[in-house]
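Please open the model in a viewer and keep the selection panel at hand. The stops below proceed from one selection to the next.

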Amino acid sequence: MRESKFQPERVTMLRELLQMSQVKFAERINISQGALSQIENGKSQISLDTLRSISNELNVNCNWLVNGNGDIFQQEEDEDDATADRRNEKVSIELVHEGDSIIPLVKEEAHAGYIGGYNNPEYLKTLDVYKIPGYQNGNYRLFEIEGESMIPTIYPREIVICSHVEDPTRIENGTLCVIVTSDGIAAKRVYFYENDKSLFILKSDNSKFKTYSIQDKKVSEIWKIEAKITSVFVESGLVDAKRIEKLENNLETLKNEVKKLTDIK
């Protein structure tokens, strides 16, 4: 399997070549300094939107930035619109599924494979993809949730629709997220210590599971949960029906007991 050729060092090299600070470079391409730092350190995957901003704002050759091929800067006089469209299409294919309308699904049984291949475009191409209304534009993933740690908010085998978090330090406390680490993929509520944004506190909605913390350097990806696809409401309805039936039986028993007491008097 061919490995992705994208190297975050090229972003740093480009920024230093242009003699820009991280703050100035980030402002120019419309992302936060924290998000840029995550990209340069290899902690966050660069998005297609960010690549386009770098190309459009700084006249950078995307083929060089993604693959290391060609000149660093575009040769505008030799490139017509059709060529530019083909170049952008190639980058879109290389970054696979970060485009307009299809979202890769990471099934429960694929969690282990995703941990090792989350930043490999060739691996991502092996995942099933789906079109979800309302989520046509952006960088999204579908994750099938395993385990019971987020009950009653999320049940096992439910599928969550997630948007990629480029700058984890901007996550609001209590946000539902999918956390990808070398140890696994888990849905949790994310919190930060007040004075230390490098330490994530991960909390379950199920009180049977303990809260724990993890250093940001151990986190491969963070995805904010936007919605979920579920069939659990059917099962929940059955449970509620059984509870109502049990309650009715208890009421009937109580009525009979009261009647007996009345008859005795």
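**Loops with positive phi**

Begin by selecting Asn 59, which is placed in the loop between α4 and α5. The model is a predicted one. Asn 59 has a phi near 60°, a positive value in a residue other than glycine. Its relative accessible area of 24% makes Asn 59 partly exposed.

Next, select Asn 30, in the loop between α2 and α3. Here too phi is positive in a residue other than glycine, near 65°. Is Asn 30 buried or exposed? Asn 30 counts as exposed, at 67% relative accessibility. Most residues other than glycine have a negative phi.

Two further positions may be added to this selection. Gln 19 follows α1 and has a positive phi, near 55°. Gly 42, just after α3, takes a positive phi of about 75°.

**The whole chain**

Now zoom out and colour by secondary structure. The protein contains nine helices and nine strands. Of its 265 residues, 43% count as buried. Among contacts between residues at least 6 apart in sequence, 61% join residues at least 24 apart.

Then colour by confidence. The mean pLDDT of the protein is 81, and 80% of the residues reach 70 or more. Confidence is highest in β5, at 96, and lowest in helix α6 (residues 81–95), at a mean of 45. Select residues 85–100: the pLDDT is below 50 over this stretch, which has 39 contacts in the model beyond near neighbours in sequence. Where pLDDT is low, the predicted coordinates should not be read in detail.

**Helices α1 and α3**

Select α1 (9–17) and display its side chains. Arg 10, Val 11, Thr 12, Leu 14 and Arg 15 are buried in this helix. Against which helices do the buried residues of α1 pack? They pack against α2, α3, α4 and α5 (62–67).

Move on to Met 20, in the loop between α1 and α2 (22–28). Met 20 is buried, with a relative accessible area of 11%. Leaving aside residues up to four places away in sequence, Met 20 touches Arg 15, Phe 25, Arg 28 and Leu 58. Of these contacts, Arg 15 has already appeared among the buried residues of α1.

Select helix α3 (residues 33–40) next; its buried residues are Ala 35, Leu 36, Gln 38, Ile 39 and Glu 40. The buried residues of α3 pack against α1, α2 and α4 (48–58).

**The sheet**

Hide the helices and keep the strands. Nine strands form an open sheet of mixed pairing, in the order β2-β1-β3-β4-β9-β5-β6-β7-β8. The edges are β2 (129–130) and β8 (212–215); each has a single partner strand, so one side of each is left without a neighbour in the sheet.

Select strand β1 (residues 103–106). Both of its faces are covered: Ile 103 and Leu 105 on one side, and Pro 104 and Val 106 on the other, are all buried. β1 pairs with β2 in the antiparallel sense over two bridges, and Pro 104 stands opposite Val 129 in β2. β1 also runs parallel to strand β3 (residues 140–144), joined by two bridges; Leu 105 stands opposite Leu 142 in β3.

Now select strand β5 (residues 175–181) together with β9. The two strands run antiparallel and are joined by five bridges. Which residue of β9 is the bridge partner of Ile 179? The partner is Ile 222.

**A cis peptide bond**

Turn to Pro 152, in the loop between β3 and β4 (159–164). The peptide bond joining Ile 151 and Pro 152 is cis, with omega about 15°. Most peptide bonds are trans.

**The cavity**

For the last stop, show the internal space. The count comes to one cavity of 30 Å³ or more, and the largest cavity holds about 90 Å³ of space. It is lined by 14 residues, of which Gln 38, Lys 43, Pro 168, Val 219 and Ile 222 are the closest to its centre. The lining divides into five nonpolar, five polar and four charged residues. Strand β9 (residues 219–229) gives the most to the lining, with four residues.

Two of the lining residues return from earlier stops: Gln 38 is a buried residue of α3, and Ile 222 is the bridge partner of Ile 179.

Notes: Residues numbered from 1 in each chain as written. Heavy atoms only, no water. 1 Å grid on protein atoms, 1.4 Å probe; cavity = no way out; pocket = protein on both sides within 12 Å on 5 of 7 lines; lining within 4 Å. Points joined across faces, edges and corners; volume = space filled by probe spheres on them. Nonpolar A, V, L, I, M, F, W, Y, C, P; charged D, E, K, R; others polar. Buried < 20%, exposed > 50% of the residue type's maximum accessible area, 1.4 Å probe, protein only. Contact = heavy atoms within 4.5 Å. Pairing = 2+ DSSP bridges. pLDDT = per-residue confidence, 0-100.
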